[in-house]
Amino acid sequence: MKTNFEIIIVGAGAVGTTLALLLAKEGLSICLVDKGSPDKITDKDYFAGRTSSLNLTSIGMLKDIGIWEELSKFSTPVKKMFIWDGEGDSNIEFQSKDIKETSLAYIVSNNAIVAELFKKFSELNNLTILTNETVKNIIQQRGNAQCRMSSKKVISGKLIIGADGISSTVRSIAKIPIRTWGYNHTAIVGSVAASKPNEKTAWQVFTSSGPLAFLPFDQANGANFSLVWSVNKERLNSILDEKKALIATLEARSELRLGNLNILGKTLTFPLNQLHAKEYYKERVVLVGDAAHTFHPLAGQGMNLGLSDVFSLYKVICYSRRKGLDIGIDTVLTEYEQQRKKYNLRMMALMEVFKYGFASENSWIKLGRNFAFDFTKKNKEIRKLFIKAASGVI
Ligand SMILES: Cc1cc2nc3c(=O)[nH]c(=O)nc-3n(C[C@H](O)[C@H](O)[C@H](O)COP(=O)(O)OP(=O)(O)OC[C@H]3O[C@@H](n4cnc5c(N)ncnc54)[C@H](O)[C@@H]3O)c2cc1C
């Protein structure tokens, strides 16, 4: 097996896989490593697991790399968003036609993204894939970095990219410091069949116990929504204990706006944390996606920002390589960090405002959020700006 690469990417989630395809298409020799078997995902898994609401910028990127035509067959457009305050009587509606677009976002299965990217790999011979494998150590050498793998293989590259998610091993090995805090919340996700049609509308209600979203997602098994409910950890077991009670709670929280509900298949849970790496690179190691920053999913931005990281790093690497520079040096990687860090931090701060603003029982804060809802609702230009930002048009 080849052991010397230009780039080693650790983590073949949607972010690492997209970056691998882009760089390999550019002619770089790439090794993509994952601790699981993402190459084994089949069409049957397309409606299992997590979904992501991808904004129009991300969809544009997936079009550019040539997977959107196929992926769109398994995705559902969001034409409208209806958001309301479950503790008050404020609500707001955003429509794609307000910004002269046909949709605001698309709901896409994470498994489908990875599988469609893997299908494209067969066209490339400069990409090596190592599955059921992880990095145990990274040793700096002159002009490259050597990775010692769990299988005892040794591979080297000019640059090691950590795309291995929130608990990034690459980040730990490189000793990149982080700032992180838990929410004491867990997300429950699942497939929901509602008696009313989804009307390509995303419904989201903010309650004091956490945000609850029903994302329109037409599935082969008859489900028409993807559920994402962020709940307090202490309440988790009692909520998941009994399916009938869970359905009744969801119907009550959604105020029957979607009609009667049924949960199809199993629900999955994900503990929610916010995390930000204080540095995005160090000694030939660079971080992208959830390895660099993890957000609360309430505004559906984690994957969108991860894909923006990917395109930024891809452009920086290609530009530097064309100029004949060593792609693993700090002067190259600092350019990527400068492009992405401030933007990711701004989004992180905004998420905190939303999260605490809607969780608060304080009557002044409640009054403030009702004012914010009404102000945005009445002010057409502010509303347009908000929709454009959320759908990635600006
Ligand atoms: C409930 C929920 C809902 C969400 N909804 C949205 C949404 O609507 N829109 C949106 O934009 N974002 C959303 N997000 C966030 C989004 O899912 C993540 O930001 C995105 O999946 C991150 O992708 P990633 O490839 O960076 O990391 P991951 O998806 O975590 O992938 C990491 C990969 O690395 C591999 N790996 C891990 N450790 C190692 C190791 N040591 N060695 C080798 N491989 C390793 C894993 O097997 C995996 O394949 C949501 C998140 C949650 C929890």
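**View 1. Four pieces of the chain that help surround the ligand.** In this predicted model, α1 (14-25), β3 (51-55), β12 (178-194) and α8 (302-322) each give at least two residues to the shell around the ligand. Which of these elements supplies the largest share? That's α8, with four residues of the shell.

**View 2. A closer look at who sits around the ligand.** Count up the surroundings of the ligand and you get 34 residues. The closest are Gly13, Gly165, Gly289, Gly300 and Gly302. How does the shell split into nonpolar, polar and charged residues? There are 13 nonpolar, 16 polar and five charged ones.

**View 3. The hairpin of β9 and β10.** Now for some strands: β9 (residues 135-141) and β10 (residues 144-149) run antiparallel, and six bridges hook them up. To see one pairing, find Val135, whose bridge partner in β10 is Met149. Two residues lie between the strands of this hairpin, and Gly143 takes a positive phi near 80°.

**View 4. The hairpin of β10 and β11.** Strand β10 also pairs with β11 (residues 154-162), again antiparallel, through four bridges. Which residue of β11 stands opposite Ala145? Look for Gly157. This hairpin has four residues between its strands, and Lys152, part of the turn, shows a positive phi of about 80°.

**View 5. β10 with its two partners.** Put the last two views together and follow β10: six bridges tie it to β9, while four bridges tie β10 to β11. Both pairings are antiparallel. As for the turns, Gly143 has its positive phi in the hairpin of β9 and β10, and Lys152 has its own in the hairpin of β10 and β11.

Notes. Residues numbered from 1 in each chain as written. Predicted model: local features only at pLDDT ≥ 70, side-chain atom pairs only at ≥ 80, totals over all residues. Pairing = 2+ DSSP bridges. Near = placed C-beta within 6 Å. Nonpolar A, V, L, I, M, F, W, Y, C, P; charged D, E, K, R; others polar.
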